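Visitor: I would like to learn how to read a few packing features, one at a time. Could you take me through them with care?

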Amino acid sequence: MLIQLAADIRGYVYDVFVVRFDGWLVFGILAQAVFGARFVVQWLASERAGRSVIPLAFWFLSIAGGLMTLVYGLVRREPVIIFGQALSTFIYLRNVVLILREQRAR
């Protein structure tokens, strides 16, 4: 049973990362890396401030990573990614508009 499970996992990994490997897979991984970088930026800003902080760079990385992931989802025809990133990217853009509006008001 464990031998079969190991063979199945090996076959799955081979299919996902070798058979299906193309430029879009690289783009999708890069999109996820950009999207994930926002958490590092937020964490470092919060550590420096000694409190929870969400810097403007977090939102710009969110927009960039979200749009990249949306493009990936559109090309790969993944409806879960398309719906999730389309809505999320709108929310990220709205947050940037609110932040910039508040900054101008000061």
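Visitor: Does Leu93 count as buried, partly exposed or exposed, and at what relative accessibility?

Guide: This is a predicted model, in which local features need pLDDT of at least 70, side-chain atom pairs count only at pLDDT 80 or more, and totals for chains, interfaces and linings use all residues. Residues are numbered from 1 along each chain as its sequence is written, and side-chain values use heavy atoms, with hydrogens and water left out. Buried means under 20% relative accessible area, exposed over 50%, and partly exposed in between, for a 1.4 Å probe and protein chains only; Leu93, at 43%, therefore counts as partly exposed.

Visitor: How is the packing of helix 3 and helix 4 described?

Guide: Two packed helices are described by the angle between their axes and the distance between the axes. Here helix 3 and helix 4 (DSSP runs of H or I, at least four residues, numbered from the N terminus) pack at about 155°, with axes 9 Å apart, the axes being lines fitted to C-alpha atoms over the stretch in contact and the angle running from 0 to 180 degrees between N-to-C directions. The two helices are therefore roughly antiparallel, a label for angles over 145 degrees.

Visitor: Which residues make up the largest nonpolar core?

Guide: In soluble globular proteins, nonpolar side chains tend to be buried together. The largest such core (buried Ala, Val, Leu, Ile, Met, Phe, Trp, Tyr and Cys residues joined through side-chain atoms within 4.5 Å) consists of 6 residues, Phe35, Phe58, Trp59, Ile63, Tyr92 and Val96. Helix 3 (56-76) and helix 4 (79-105) each supply at least two of them, and helix 3 gives the most, with 3 residues.

Methods: Angles under 35 degrees count as roughly parallel, over 145 as roughly antiparallel, 65 to 115 as roughly perpendicular and the rest as oblique.
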